[in-house]
Amino acid sequence: MALSKPSILSHLKTLTKFPPTPPPSLLSLRHLSFATPEDAAADRRRRKRRLRIEPPLNSLRQSQQPQQTQRPSPNNPNVPKLPEHASVLTDCRKTDTALENYRLLINEAPFNPSNTTYRILVRGLVDNDKIEKGVELKDEMLAKGFEADKVVYSCLMWGFAKKGNADGVFEIYEELRVKVGDDFVGGGVYGSLMKGYFLKGMESEAMECYKECVGEGSKVKMDAVAYNYVLDALSKNGKFDEALKLFDRMLGEHSPPKRLSVNLGSYNVIVDGYCAEGKFSEAIEVFKSMGEKRCAPDTLSYNNLIEQLCKNGMLAEGEELYRGMAEKGVSPDEFTFVLLMDTCFAEDRPDDAAGYFKTMVEAKLRPNLGVYGRCVEGLVKVGKVDEAKSFFDLMVGKLRMDDASYKFIMKSLFDIGKPDEVLEIVGRMLRDDPSDFTTELQEFAKEELGKLGREDEVVKLMEDVEREKAEAIAAAAEAAENAKASARAAVSSLIPSKLFGNKGLDEDSSANTENAEATAENGELQAGKEENVIEQVGDIASGNADSTEELKASEVIEAEVISDSKIGTA
């Protein structure tokens, strides 16, 4: 129905009373965004972590529904993988703990493991000489519906080759070949297969395998890891010259980021090969050339070459490499310092050996009891007992010394005629942890002191320490009582001045008899309350009052101060 002209005008007038809402300004929209790009990035990370911890509901529904085993999509980048700490556990030889985390993942997580999970675990088991458990994990992986993973099979083959089990190498290879076919076994298995042939004395078959994977016209895809397996097989089976030719070819093909044919492992294999050939200068030269191909040596690489040099009488070159670690931003670890320390002792340089041990401790590293024992023993052998005693004092609070360690340092001190220092060690043990001074150590100390006619001093020292502990307990109790008395005296001197701070005015107004009597009555009342306050505060100072009593005491004091102000006003 059409509107008449008057009705349209009235409708327009009503619209003008409510002007249209202006679009929100950029300032108001800013509240819906982030103040800085860093805040936005932090929010994205929080969302990603939330998705990892709380997976989508559809995955929970699927896990609750009875269904057959499904294969996880290998191309899905969101498939959860083994937590990072599990990989760390396999690297630090805690494979049993890593397997426990894997079982938790299988039994409790609402998602399945991925191929990466099994690769990490199998590689860790192989590196820690637990090849049988690795095979069991491979079988479990297949039982869960996963395809035969070439990396897992390659690791298992390498593990059998490392143990010298050629039959195990060929068994794993045949199983992989049946499951994926000859054309899809991957380049990573050829190095292990060559090792299997070398173990059986089948050199011609090994070299045929080598030509098949890297020869002219080969269709096998080789990456840096696959090349490294082949390099190692060649260099450790009398084919180092062929390994050098392959290494030069890898360097020529290396063109990051498009083509990665060389990595740190490649250099480590060639360095080991040169050291095995006794060509240490060439090994050092190759080691220092890593930077040309954007490879940086790590602590393990340094330790590997330093160990080879130290074992072959080249300590000076090893120390030069050690000093160059700081320039490359690489931190030495306990193994680095132990290598240099042991070699210095072997070459009659005890002062330098002690310096390496001290530097290791100052670097916040944690040498074990065996390393400490070698250091102290090396110093004692050359007559540096005082230096050995200083290291004992340095490490006694950092290591759990055993009876043998205590006996060694005590015997060394007895031999140079310092029984008093032995008694100091015994006294420290009794004061810090009496359980360290075992019956065996007591008998040893008494026997050695008996040779000097001082066998009773151990018993006397034990009695003196017990008396000192009893006196310390009594002194602590007395100090607590004194603190309680001081607190009461302080409260008794402070509270009346606050509650009756206007005494002078009350005395000057003695003419007002009624106010004086009222003040006296209030004083008696406040004095009674003051005693209660003093008792409660004294209990707090002695440590016998709990938090509730402290609160009550503070409330009473506050109430009395308020009452005092009211009295003064009156």
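F240 is buried in the predicted model, with a relative accessible area of 5%. Y274 is likewise buried, at a relative accessible area of 13%. The rings of F240 and Y274 form an aromatic pair of the edge-to-face kind, with 5.1 Å from centre to centre and 80° between the planes. F240 belongs to helix α14 (residues 240-253) and Y274 to helix α15 (residues 264-276), and the pair links distant parts of the chain, 34 residues apart.

A further aromatic pair is made by Y322 and F337, whose ring centres are 5.7 Å apart. The planes of these two rings stand at 70°, so the pair is classed as edge-to-face. Y322 is located in helix α18 (residues 315-324) and F337 in helix α19 (residues 334-346), so parts of the chain that are 15 residues apart in sequence are tied together by the pair. Y322 and F337 are both buried. The count of aromatic pairs in the model comes to 11. One aromatic cluster is formed by Y102, Y118 and F146.

The secondary structure of the protein chain consists of 29 helices and 0 strands. Of its 570 residues, 36% count as buried. Among contacts between residues at least 6 apart in sequence, 62% join residues that are at least 24 apart.

In soluble globular proteins, nonpolar side chains tend to be buried together. In the present model, the largest nonpolar core holds 124 residues. The members of this core that touch the most other members are L246, L305, F357 and Y406. For F357, the contacts beyond four places in sequence are with M341, P367, V371, Y372, C375, F391 and M395.

L305, one of the four core residues named above, also takes part in the packing of two helices, α17 and α18. Helix α17 (residues 299-311) packs against α18 at an angle of about 160°, and the two axes are 7 Å apart. With angles over 145 degrees counted as roughly antiparallel, α17 and α18 are therefore roughly antiparallel to each other. The crossing of α17 past α18 is left-handed. On the α17 side, the residues that meet α18 are Y302, L305, I306, L309 and C310. Their counterparts in α18 are L315, E317, G318, L321, Y322 and G324. Y322 thus appears both in this helix contact and in the aromatic pair with F337.

The loop between α16 (280-288) and α17 contains C295. C295 is buried, its relative accessible area being 10%. Leaving out residues up to four places away in sequence, C295 touches V262, N263, L264, Y267 and M290. C295 and Y267 are separated by 28 residues in sequence, and their C-alpha atoms are 8.8 Å apart in space.

Q442 is situated in helix α25 (residues 439-450). Its relative accessibility is 18%, and Q442 counts as buried because the limit for that class is under 20%. Apart from neighbours within four places in sequence, Q442 is in contact with F437 and M462.

Several backbone features were also examined. Most residues other than glycine have a negative phi, and most peptide bonds are trans. A cis peptide bond is nevertheless found between P256 and P257, with omega at about 0°. P257 lies in the loop between α14 and α15, the two helices that carry F240 and Y274.

Positive phi values occur at two aspartates, D129 and D348. The phi of D129 is near 60°, although the residue is not a glycine. D129 is placed in the loop between α7 (115-127) and α8 (131-143), and at 53% relative accessibility D129 counts as exposed. D348 has a phi of about 60°, again positive in a residue that is not a glycine. The loop between α19 and α20 (350-362) is where D348 is found. With a relative accessibility of 59%, D348 counts as exposed.

Definitions and conventions:
Residues are numbered from 1 along each chain as its sequence is written. Side-chain values use heavy atoms; hydrogens and water are left out. Rings of Phe, Tyr and Trp (its six-membered ring) pair if their centres lie within 6.5 Å; planes under 30 degrees apart count as stacked, over 60 as edge-to-face and the rest as tilted. Helices (H or I, at least four residues) and strands (E, at least two) are DSSP runs, numbered from the N terminus. Buried means under 20% relative accessible area, exposed over 50%, partly exposed in between (1.4 Å probe, protein chains only). A nonpolar core is a set of buried Ala, Val, Leu, Ile, Met, Phe, Trp, Tyr and Cys residues joined through side-chain atoms within 4.5 Å. Contact means heavy atoms within 4.5 Å. Axes are lines fitted to C-alpha atoms, for helices over the stretch in contact, and angles run from 0 to 180 degrees between N-to-C directions. Angles under 35 degrees count as roughly parallel, over 145 as roughly antiparallel, 65 to 115 as roughly perpendicular and the rest as oblique. A crossing is left-handed if the near helix is turned anticlockwise from the far one by less than a right angle, and right-handed if clockwise.
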